[in-house]
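Please work through the following exercises with the sequence and the three-dimensional structure at hand. Each task is followed by a stepwise solution.

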Amino acid sequence: MSRTSPPAPEASAEALPRQQRTYSIGELAKMFEVTPRTIRFYEQEGLLAPTRQGQKRIYREKDRVRLKLTLRGKRLGFSLAEIREVVMMYDAMPDGNARQLRRLLEILAEKRANLERQLEDIRLMRMEIDDVDQRAREVLRQLDPDA
């Protein structure tokens, strides 16, 4: 009587080297706390490029990193065009990493300058509001001393 040995268990996804690991849209959505629709949007915008098995999207480590960078860029106030520029530069050029970092520093400087302008605008607006508030209270005291 010959016994066949049970099939060898497949390596779990977590045991694979990171470069070989694949992800489903649901796994990425859960990992980054976004909706699958958000991931499909970034795919439509050209920031992610999963392979397909029928209707199923298969995301690789490169897509996971791109999604991470995209979400970080959005939190920092980068436009999709700015994110795309930095990511594409990195992918297309042999020296992409250094060029990407220089461009990232340029974008960060622009964002920082914009925030400084906005802070100054807010400070001035607050001073104007305080001035109008004070004048309105003075007029109200003159009109209704009991108020």
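Contact means heavy atoms within 4.5 Å. Helices (H or I, at least four residues) and strands (E, at least two) are DSSP runs, numbered from the N terminus. The model is predicted: local features need pLDDT of at least 70, side-chain atom pairs count only at pLDDT 80 or more, and totals for chains, interfaces and linings use all residues. Residues are numbered from 1 along each chain as its sequence is written, and side-chain values use heavy atoms, with hydrogens and water left out.

**Exercise 1.** Determine which residues of α1 and α3 meet.

Solution. Leu28, Met31 and Phe32 of α1 meet Arg64, Leu67, Lys68 and Leu71 of α3. These residues comprise 5 nonpolar, no polar and 2 charged (Leu, Met and Phe count as nonpolar, Lys and Arg as charged). Next, take the geometry: α1 (residues 25–32) and α3 (residues 61–75) pack at about 35°, with axes 11 Å apart; axes are lines fitted to C-alpha atoms over the stretch in contact, and angles run from 0 to 180 degrees between N-to-C directions.

**Exercise 2.** Establish how β3 pairs with β1 and β2.

Solution. Two strands pair if DSSP finds at least two bridges between them. Strand β1 (residues 22–23) runs antiparallel to β3 (residues 56–60), joined by 2 bridges; here Thr22 has Arg60 as its bridge partner. Strand β2 (residues 51–53) also pairs with β3 in the antiparallel sense, over 3 bridges, and Gln53 stands opposite Lys56. Finally, inspect the hairpin of β2 and β3: 2 residues lie between the strands, and Gly54 has a positive phi near 70°.
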